[in-house]
Amino acid sequence: MSKYWSDGIADLETYVPGEQPQDKKYIKLNTNENPYPPSPKVIQAIKNAADENLRLYPDPSCEKLCDTIARYYGVTKEEVFVGNGSDEVLAFSFAAFFDHDQPVLYPDVTYSFYPVYTNFFKLQSKTIELEEDFSIPVEKFFTPNGGIIICNPNAPTSRYLSIPEIRRLLDYNLAIERVVIVDEAYIDFGGQSIVGLIDAYPNLLVVQTLSKSRSLAGLRVGFAVGHRDLIEGLNRVKSSINSYTLDRLALFGAIEAFGDEEYFQATREKIIQTRNRVTHELRAIGFRVFESTANFIFISHSSIHAGELYAKLKENRVLVRYFRKPRIDNYLRVSIGTDDEMGTFVEVISRIVKSGA
Ligand code: PMP
(Lines give C-alpha, C1' and ligand atoms only; values in the text may rest on other atoms or scores of the structure.)
Protein backbone atom coordinates (compact mmCIF):
# COMPACT_ATOMS: atom_id res chain seq x y z
CA MET A 1 0.00 0.00 0.00
CA SER A 2 1.35 3.39 -0.95
CA LYS A 3 -0.05 6.88 -0.87
CA TYR A 4 1.20 7.24 -4.44
CA TRP A 5 -1.07 4.56 -5.89
CA SER A 6 -4.03 5.55 -8.06
CA ASP A 7 -7.53 4.84 -6.78
CA GLY A 8 -8.44 1.18 -7.01
CA ILE A 9 -4.91 -0.25 -7.16
CA ALA A 10 -5.00 -1.31 -3.52
CA ASP A 11 -8.26 -3.20 -4.12
CA LEU A 12 -7.14 -5.18 -7.17
CA GLU A 13 -7.39 -8.93 -6.77
CA THR A 14 -4.43 -10.05 -8.79
CA TYR A 15 -3.77 -13.39 -10.47
CA VAL A 16 -1.42 -15.77 -8.68
CA PRO A 17 0.53 -17.98 -11.11
CA GLY A 18 1.79 -21.43 -10.14
CA GLU A 19 5.13 -21.60 -8.33
CA GLN A 20 8.24 -21.31 -10.52
CA PRO A 21 11.00 -22.66 -8.26
CA GLN A 22 14.35 -21.38 -9.49
CA ASP A 23 16.27 -24.53 -8.59
CA LYS A 24 15.91 -27.83 -10.40
CA LYS A 25 14.82 -29.74 -7.31
CA TYR A 26 11.31 -30.62 -8.44
CA ILE A 27 9.53 -32.71 -11.00
CA LYS A 28 7.46 -29.78 -12.12
CA LEU A 29 3.87 -30.72 -12.92
CA ASN A 30 2.20 -27.51 -11.71
CA THR A 31 1.93 -24.99 -14.56
CA ASN A 32 0.91 -27.06 -17.61
CA GLU A 33 4.17 -26.45 -19.39
CA ASN A 34 5.21 -28.86 -22.12
CA PRO A 35 7.85 -31.34 -20.88
CA TYR A 36 9.46 -31.46 -24.32
CA PRO A 37 11.69 -28.71 -25.69
CA PRO A 38 10.54 -26.51 -28.56
CA SER A 39 11.34 -27.73 -32.07
CA PRO A 40 15.10 -27.41 -32.77
CA LYS A 41 14.10 -25.35 -35.83
CA VAL A 42 12.45 -22.79 -33.53
CA ILE A 43 15.57 -22.50 -31.38
CA GLN A 44 17.71 -22.05 -34.50
CA ALA A 45 15.37 -19.35 -35.84
CA ILE A 46 15.60 -17.45 -32.54
CA LYS A 47 19.40 -17.73 -32.55
CA ASN A 48 19.51 -16.47 -36.14
CA ALA A 49 17.30 -13.53 -35.19
CA ALA A 50 19.63 -12.51 -32.35
CA ASP A 51 21.71 -10.23 -34.55
CA GLU A 52 22.45 -6.55 -35.11
CA ASN A 53 18.85 -5.96 -36.20
CA LEU A 54 17.84 -6.04 -32.54
CA ARG A 55 18.58 -2.30 -32.57
CA LEU A 56 15.45 -1.91 -34.73
CA TYR A 57 11.87 -2.11 -33.50
CA PRO A 58 10.01 -5.23 -34.59
CA ASP A 59 7.14 -5.08 -37.10
CA PRO A 60 4.26 -3.55 -35.07
CA SER A 61 1.63 -5.30 -37.21
CA CYS A 62 3.35 -8.73 -36.83
CA GLU A 63 2.28 -9.31 -40.42
CA LYS A 64 4.40 -12.37 -41.23
CA LEU A 65 3.31 -14.18 -38.09
CA CYS A 66 -0.37 -13.32 -38.65
CA ASP A 67 -0.02 -14.56 -42.21
CA THR A 68 1.63 -17.81 -41.06
CA ILE A 69 -1.13 -18.48 -38.53
CA ALA A 70 -3.81 -17.54 -41.09
CA ARG A 71 -2.47 -20.03 -43.61
CA TYR A 72 -2.20 -22.73 -40.93
CA TYR A 73 -5.88 -22.35 -40.01
CA GLY A 74 -7.21 -21.53 -43.49
CA VAL A 75 -8.31 -17.97 -42.68
CA THR A 76 -7.06 -14.55 -43.82
CA LYS A 77 -4.42 -12.53 -41.97
CA GLU A 78 -7.04 -9.87 -41.25
CA GLU A 79 -8.76 -12.51 -39.12
CA VAL A 80 -5.72 -13.08 -36.87
CA PHE A 81 -4.40 -11.09 -33.93
CA VAL A 82 -1.20 -11.94 -32.04
CA GLY A 83 -0.14 -10.90 -28.56
CA ASN A 84 2.36 -11.34 -25.77
CA GLY A 85 0.98 -14.65 -24.56
CA SER A 86 -2.71 -15.46 -24.73
CA ASP A 87 -3.11 -13.74 -21.36
CA GLU A 88 -2.49 -10.44 -23.10
CA VAL A 89 -4.85 -11.39 -25.95
CA LEU A 90 -7.53 -12.25 -23.36
CA ALA A 91 -6.97 -9.01 -21.45
CA PHE A 92 -7.32 -6.96 -24.65
CA SER A 93 -10.45 -8.96 -25.53
CA PHE A 94 -12.09 -8.17 -22.19
CA ALA A 95 -11.38 -4.51 -22.90
CA ALA A 96 -12.55 -4.66 -26.53
CA PHE A 97 -15.76 -6.71 -26.46
CA PHE A 98 -17.51 -7.01 -23.14
CA ASP A 99 -20.45 -4.78 -22.37
CA HIS A 100 -20.41 -2.81 -19.14
CA ASP A 101 -24.16 -2.80 -18.57
CA GLN A 102 -24.69 -6.53 -18.25
CA PRO A 103 -22.73 -9.32 -16.57
CA VAL A 104 -20.04 -11.25 -18.38
CA LEU A 105 -20.74 -14.97 -17.96
CA TYR A 106 -18.21 -17.70 -17.22
CA PRO A 107 -18.26 -20.97 -15.27
CA ASP A 108 -17.80 -20.88 -11.48
CA VAL A 109 -14.78 -23.15 -11.86
CA THR A 110 -12.51 -21.96 -14.66
CA TYR A 111 -9.29 -20.11 -15.46
CA SER A 112 -8.77 -17.73 -12.57
CA PHE A 113 -7.59 -14.84 -14.73
CA TYR A 114 -11.19 -14.23 -15.95
CA PRO A 115 -12.40 -12.71 -12.66
CA VAL A 116 -9.17 -10.72 -12.44
CA TYR A 117 -9.76 -9.12 -15.87
CA THR A 118 -13.42 -8.58 -15.01
CA ASN A 119 -12.46 -6.54 -11.97
CA PHE A 120 -9.61 -4.73 -13.67
CA PHE A 121 -11.81 -3.54 -16.54
CA LYS A 122 -14.65 -2.72 -14.12
CA LEU A 123 -17.05 -5.19 -15.72
CA GLN A 124 -19.82 -7.04 -13.96
CA SER A 125 -19.82 -10.82 -13.94
CA LYS A 126 -22.07 -13.74 -13.18
CA THR A 127 -20.64 -17.21 -12.68
CA ILE A 128 -22.53 -20.20 -14.03
CA GLU A 129 -22.47 -23.17 -11.69
CA LEU A 130 -20.97 -26.28 -13.24
CA GLU A 131 -22.55 -29.69 -12.61
CA GLU A 132 -21.15 -31.94 -9.88
CA ASP A 133 -18.92 -33.63 -12.48
CA PHE A 134 -17.80 -30.17 -13.70
CA SER A 135 -19.57 -30.51 -17.03
CA ILE A 136 -20.83 -27.22 -18.44
CA PRO A 137 -24.64 -26.78 -18.41
CA VAL A 138 -25.03 -24.77 -21.61
CA GLU A 139 -28.69 -23.79 -20.99
CA LYS A 140 -27.68 -21.86 -17.87
CA PHE A 141 -25.86 -19.40 -20.13
CA PHE A 142 -29.09 -18.54 -21.94
CA THR A 143 -29.59 -15.29 -20.11
CA PRO A 144 -28.97 -11.66 -21.08
CA ASN A 145 -25.25 -11.02 -20.81
CA GLY A 146 -22.44 -8.62 -21.62
CA GLY A 147 -20.49 -11.45 -23.27
CA ILE A 148 -19.47 -15.02 -22.55
CA ILE A 149 -16.05 -16.56 -22.03
CA ILE A 150 -15.45 -20.26 -21.77
CA CYS A 151 -12.26 -22.22 -21.71
CA ASN A 152 -12.35 -25.41 -23.81
CA PRO A 153 -11.18 -27.84 -22.58
CA ASN A 154 -11.80 -26.10 -19.29
CA ALA A 155 -9.02 -25.43 -16.80
CA PRO A 156 -8.44 -26.77 -14.24
CA THR A 157 -11.19 -29.38 -14.68
CA SER A 158 -10.05 -30.72 -18.09
CA ARG A 159 -13.69 -31.16 -19.20
CA TYR A 160 -14.40 -30.66 -22.91
CA LEU A 161 -17.46 -29.09 -24.51
CA SER A 162 -18.37 -30.34 -28.00
CA ILE A 163 -18.71 -27.96 -30.93
CA PRO A 164 -22.51 -28.45 -31.28
CA GLU A 165 -22.86 -27.40 -27.62
CA ILE A 166 -20.72 -24.29 -28.13
CA ARG A 167 -22.79 -23.48 -31.23
CA ARG A 168 -25.83 -23.20 -28.97
CA LEU A 169 -24.03 -20.48 -26.98
CA LEU A 170 -22.99 -18.75 -30.19
CA ASP A 171 -26.54 -18.83 -31.59
CA TYR A 172 -28.00 -17.41 -28.39
CA ASN A 173 -25.44 -14.62 -28.25
CA LEU A 174 -25.65 -13.89 -31.97
CA ALA A 175 -29.34 -13.12 -31.48
CA ILE A 176 -28.57 -10.71 -28.61
CA GLU A 177 -25.47 -9.33 -30.39
CA ARG A 178 -22.90 -10.36 -27.81
CA VAL A 179 -19.47 -11.92 -28.19
CA VAL A 180 -18.46 -15.44 -27.16
CA ILE A 181 -14.77 -15.97 -26.48
CA VAL A 182 -13.51 -19.55 -26.55
CA ASP A 183 -10.14 -19.91 -24.85
CA GLU A 184 -8.54 -22.93 -26.51
CA ALA A 185 -5.21 -22.89 -24.66
CA TYR A 186 -5.30 -26.71 -24.41
CA ILE A 187 -7.22 -27.66 -27.55
CA ASP A 188 -4.33 -29.40 -29.33
CA PHE A 189 -4.25 -32.23 -26.80
CA GLY A 190 -7.33 -34.02 -28.12
CA GLY A 191 -10.15 -31.54 -28.66
CA GLN A 192 -11.45 -30.12 -31.91
CA SER A 193 -10.94 -26.40 -32.45
CA ILE A 194 -13.95 -24.23 -33.23
CA VAL A 195 -11.84 -21.98 -35.41
CA GLY A 196 -13.61 -23.26 -38.56
CA LEU A 197 -16.81 -21.50 -37.44
CA ILE A 198 -15.56 -17.91 -37.50
CA ASP A 199 -17.21 -17.31 -40.89
CA ALA A 200 -20.57 -18.48 -39.58
CA TYR A 201 -20.31 -16.52 -36.34
CA PRO A 202 -19.11 -12.90 -36.45
CA ASN A 203 -19.46 -12.92 -32.64
CA LEU A 204 -16.91 -15.74 -32.12
CA LEU A 205 -13.35 -15.09 -30.96
CA VAL A 206 -11.07 -18.11 -30.59
CA VAL A 207 -7.96 -17.62 -28.46
CA GLN A 208 -4.97 -19.96 -28.52
CA THR A 209 -1.39 -20.02 -27.29
CA LEU A 210 2.02 -21.34 -28.29
CA SER A 211 2.84 -21.89 -24.61
CA LYS A 212 1.44 -25.40 -24.27
CA SER A 213 1.29 -27.59 -27.38
CA ARG A 214 4.22 -25.78 -29.02
CA SER A 215 6.45 -25.76 -25.91
CA LEU A 216 6.97 -21.99 -25.98
CA ALA A 217 5.71 -20.70 -22.62
CA GLY A 218 8.98 -18.78 -22.28
CA LEU A 219 8.59 -16.96 -25.61
CA ARG A 220 5.18 -15.42 -24.77
CA VAL A 221 3.10 -15.76 -27.90
CA GLY A 222 -0.67 -16.12 -28.08
CA PHE A 223 -3.21 -15.34 -30.79
CA ALA A 224 -6.87 -14.86 -31.58
CA VAL A 225 -8.83 -15.81 -34.68
CA GLY A 226 -12.17 -14.19 -35.45
CA HIS A 227 -14.14 -11.94 -37.78
CA ARG A 228 -12.00 -9.11 -39.15
CA ASP A 229 -14.07 -6.53 -37.28
CA LEU A 230 -13.28 -8.25 -33.96
CA ILE A 231 -9.60 -8.34 -34.91
CA GLU A 232 -9.72 -4.65 -35.74
CA GLY A 233 -11.20 -4.03 -32.27
CA LEU A 234 -8.27 -5.88 -30.69
CA ASN A 235 -5.79 -3.88 -32.76
CA ARG A 236 -7.41 -0.66 -31.58
CA VAL A 237 -6.92 -1.70 -27.93
CA LYS A 238 -3.34 -2.83 -28.56
CA SER A 239 -2.45 0.37 -30.39
CA SER A 240 -3.72 2.36 -27.41
CA ILE A 241 -1.35 0.57 -25.03
CA ASN A 242 1.79 -0.81 -26.69
CA SER A 243 2.73 -0.90 -30.39
CA TYR A 244 5.34 -3.64 -30.02
CA THR A 245 3.89 -6.45 -27.93
CA LEU A 246 5.98 -9.14 -29.65
CA ASP A 247 9.73 -8.77 -29.86
CA ARG A 248 11.85 -9.80 -32.86
CA LEU A 249 12.95 -13.09 -31.35
CA ALA A 250 9.38 -14.08 -30.50
CA LEU A 251 8.20 -13.25 -34.01
CA PHE A 252 10.87 -15.37 -35.71
CA GLY A 253 10.49 -18.26 -33.26
CA ALA A 254 6.71 -18.32 -33.48
CA ILE A 255 6.70 -18.35 -37.29
CA GLU A 256 9.02 -21.36 -37.26
CA ALA A 257 6.84 -23.16 -34.69
CA PHE A 258 4.12 -23.46 -37.31
CA GLY A 259 6.64 -24.71 -39.86
CA ASP A 260 7.62 -27.90 -38.02
CA GLU A 261 4.38 -29.86 -38.17
CA GLU A 262 6.08 -33.21 -37.77
CA TYR A 263 7.64 -32.22 -34.45
CA PHE A 264 4.37 -30.69 -33.24
CA GLN A 265 2.42 -33.85 -34.02
CA ALA A 266 5.01 -36.14 -32.44
CA THR A 267 5.22 -34.28 -29.10
CA ARG A 268 1.47 -33.76 -28.92
CA GLU A 269 0.83 -37.47 -29.52
CA LYS A 270 3.38 -38.43 -26.90
CA ILE A 271 1.68 -36.29 -24.26
CA ILE A 272 -1.74 -37.71 -25.14
CA GLN A 273 -0.43 -41.27 -24.79
CA THR A 274 1.28 -40.54 -21.48
CA ARG A 275 -1.88 -38.85 -20.16
CA ASN A 276 -4.06 -41.81 -21.08
CA ARG A 277 -1.69 -44.29 -19.45
CA VAL A 278 -1.40 -42.26 -16.22
CA THR A 279 -5.20 -41.82 -16.09
CA HIS A 280 -5.57 -45.58 -16.20
CA GLU A 281 -2.89 -46.18 -13.54
CA LEU A 282 -4.36 -43.62 -11.13
CA ARG A 283 -7.87 -45.01 -11.47
CA ALA A 284 -6.49 -48.42 -10.55
CA ILE A 285 -5.33 -47.06 -7.17
CA GLY A 286 -8.61 -45.35 -6.28
CA PHE A 287 -8.38 -41.92 -7.89
CA ARG A 288 -11.25 -40.15 -9.57
CA VAL A 289 -9.70 -38.86 -12.79
CA PHE A 290 -11.80 -36.85 -15.22
CA GLU A 291 -11.55 -37.72 -18.89
CA SER A 292 -9.05 -35.15 -20.17
CA THR A 293 -8.44 -33.58 -23.57
CA ALA A 294 -5.74 -31.32 -22.11
CA ASN A 295 -2.08 -31.68 -21.11
CA PHE A 296 -3.14 -32.05 -17.49
CA ILE A 297 -5.47 -34.20 -15.44
CA PHE A 298 -7.78 -33.24 -12.59
CA ILE A 299 -7.79 -35.84 -9.83
CA SER A 300 -9.05 -36.59 -6.34
CA HIS A 301 -8.77 -39.55 -4.01
CA SER A 302 -11.54 -41.11 -1.96
CA SER A 303 -9.56 -41.36 1.29
CA ILE A 304 -6.72 -38.81 1.26
CA HIS A 305 -7.42 -35.11 1.05
CA ALA A 306 -5.89 -33.24 -1.88
CA GLY A 307 -4.21 -30.69 0.41
CA GLU A 308 -2.36 -33.50 2.17
CA LEU A 309 -1.45 -35.17 -1.11
CA TYR A 310 -0.08 -31.89 -2.45
CA ALA A 311 2.11 -31.39 0.64
CA LYS A 312 3.39 -34.97 0.63
CA LEU A 313 4.15 -34.88 -3.09
CA LYS A 314 6.09 -31.67 -2.54
CA GLU A 315 8.12 -33.27 0.27
CA ASN A 316 8.98 -35.91 -2.32
CA ARG A 317 10.01 -33.26 -4.84
CA VAL A 318 6.96 -33.51 -7.06
CA LEU A 319 5.18 -30.21 -7.59
CA VAL A 320 1.52 -30.23 -8.67
CA ARG A 321 -1.17 -27.51 -8.51
CA TYR A 322 -3.53 -27.33 -5.57
CA PHE A 323 -6.28 -24.68 -5.49
CA ARG A 324 -7.56 -23.83 -2.02
CA LYS A 325 -10.89 -22.72 -3.47
CA PRO A 326 -14.56 -23.61 -3.03
CA ARG A 327 -15.64 -26.79 -4.89
CA ILE A 328 -12.13 -27.78 -5.97
CA ASP A 329 -10.20 -27.89 -2.70
CA ASN A 330 -10.19 -31.68 -2.77
CA TYR A 331 -8.68 -31.91 -6.26
CA LEU A 332 -5.20 -31.69 -7.72
CA ARG A 333 -4.33 -30.53 -11.19
CA VAL A 334 -1.40 -32.51 -12.51
CA SER A 335 0.39 -31.46 -15.71
CA ILE A 336 1.54 -34.28 -17.97
CA GLY A 337 5.33 -34.62 -17.96
CA THR A 338 7.62 -37.05 -19.76
CA ASP A 339 7.09 -40.80 -19.32
CA ASP A 340 9.95 -40.86 -16.79
CA GLU A 341 8.54 -37.96 -14.77
CA MET A 342 5.06 -39.45 -14.76
CA GLY A 343 6.50 -42.84 -13.79
CA THR A 344 8.04 -41.22 -10.71
CA PHE A 345 4.84 -39.30 -10.00
CA VAL A 346 2.71 -42.46 -10.06
CA GLU A 347 5.26 -44.32 -7.93
CA VAL A 348 5.38 -41.55 -5.29
CA ILE A 349 1.62 -40.99 -5.15
CA SER A 350 0.98 -44.76 -4.90
CA ARG A 351 3.33 -44.92 -1.92
CA ILE A 352 1.54 -41.98 -0.26
CA VAL A 353 -1.85 -43.56 -0.85
CA LYS A 354 -0.71 -46.94 0.53
CA SER A 355 0.80 -45.47 3.67
CA GLY A 356 -2.05 -43.03 4.33
CA ALA A 357 -5.21 -44.91 3.34
N1 PMP B 1 -5.78 -19.65 -20.84
C2 PMP B 1 -5.69 -20.66 -19.99
C3 PMP B 1 -6.89 -21.48 -19.72
C4 PMP B 1 -4.49 -20.96 -19.35
O5 PMP B 1 -4.41 -21.97 -18.48
C6 PMP B 1 -3.35 -20.19 -19.63
C7 PMP B 1 -2.02 -20.49 -18.98
N8 PMP B 1 -1.93 -20.09 -17.65
C9 PMP B 1 -3.49 -19.10 -20.50
C10 PMP B 1 -4.72 -18.88 -21.12
C11 PMP B 1 -2.38 -18.16 -20.79
O12 PMP B 1 -1.32 -18.73 -21.42
P13 PMP B 1 -0.19 -17.84 -22.11
O14 PMP B 1 -0.34 -16.42 -21.61
O15 PMP B 1 1.08 -18.47 -21.71
O16 PMP B 1 -0.45 -17.92 -23.58
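## Close-up views of a predicted model

**View 1. A pair of neighbours, Glu78 and Lys77, joined by a salt bridge.** Glu78 is partly exposed, with 32% of relative accessible area. Keep in mind, here and in the views that follow, that this is a predicted model. The partner of Glu78 is Lys77, and their closest N and O atoms lie 3.6 Å apart. Lys77 also counts as partly exposed, at 30% relative accessibility.

**View 2. Lys28 and Glu33 meet through their side chains.** Here the salt bridge spans 2.7 Å from N to O. Lys28 has a relative accessibility of 22%, so Lys28 is classed as partly exposed. Glu33, at 28%, is classed as partly exposed too.

**View 3. A salt bridge along helix H5.** In this close-up, Arg168 is paired with Glu165, and 3.4 Å separates the closest N and O atoms. Both belong to H5 (residues 163–175), where a spacing of 3 residues puts about one helical turn between them. An α-helix has 3.6 residues a turn, so residues three or four places apart point the same way. Arg168 is partly exposed at 31% relative accessibility, and Glu165 is partly exposed at 26%. Elsewhere, Lys270, Arg277, Glu281 and Asp339 are linked into one network by salt bridges that share partners. The full count for the model is 15 salt bridges.

**View 4. Strand S10, enclosed by the rest of the structure.** Take a look at residues 296–301: 6 of the 6 residues of S10 are buried, so the strand is largely enclosed by what surrounds it. Phe296, Phe298 and Ser300 point one way from the strand, while Ile297, Ile299 and His301 point the other way. Both sets are buried.

**View 5. The strands that pair with S10.** On one pairing, strand S9 (residues 287–289) runs antiparallel to S10 and is joined to it by 3 bridges. A hairpin connects S9 to S10 through 6 residues. Within this pairing, look for Arg288 opposite Ser300 of S10. The other pairing shown is with strand S12 (residues 332–335), which is antiparallel to S10 and held to it by 4 bridges. There, Phe298 has Arg333 of S12 as its bridge partner.

**View 6. The buried face of helix H9.** Helix H9 covers residues 306–315, and its buried residues are Ala306, Leu309, Tyr310 and Leu313. Seen down the helix axis, these residues fall within an arc of 100 degrees, so they line one face of H9. Their cover includes S9, S10 and S12, together with strand S11 (318–322) and helix H10 (339–356). After the helix comes Arg317, with a positive phi near 65 degrees.

**View 7. A nonpolar patch on the surface.** Five side chains are worth finding here: Met1, Trp5, Ile9, Leu12 and Phe120 make a nonpolar surface patch of about 550 Å². Trp5 sits in the segment before strand S1 (27–29). With a relative accessible area of 41%, Trp5 is partly exposed.

Note on methods
Residues are numbered from 1 along each chain as its sequence is written. This is a predicted model: local features need pLDDT of at least 70, side-chain atom pairs count only at pLDDT 80 or more; totals for chains, interfaces and linings use all residues. Side-chain values use heavy atoms; hydrogens and water are left out. Buried means under 20% relative accessible area, exposed over 50%, partly exposed in between (1.4 Å probe, protein chains only). Helices (H or I, at least four residues) and strands (E, at least two) are DSSP runs, numbered from the N terminus. Two strands pair if DSSP finds at least two bridges between them. Patches are made of residues with over 30% relative accessible area and no salt bridge: like charges are joined within 9 Å, nonpolar side chains (Val, Leu, Ile, Met, Phe, Trp, Tyr) within 5 Å. Accessible areas come from the Shrake-Rupley method with a 1.4 Å probe; for residues, only the protein chains shown count as cover. A salt bridge is a side-chain nitrogen of Lys or Arg within 4 Å of a carboxyl oxygen of Asp or Glu. The arc is that of the directions from the helix axis to the C-beta atoms. Contact means heavy atoms within 4.5 Å.
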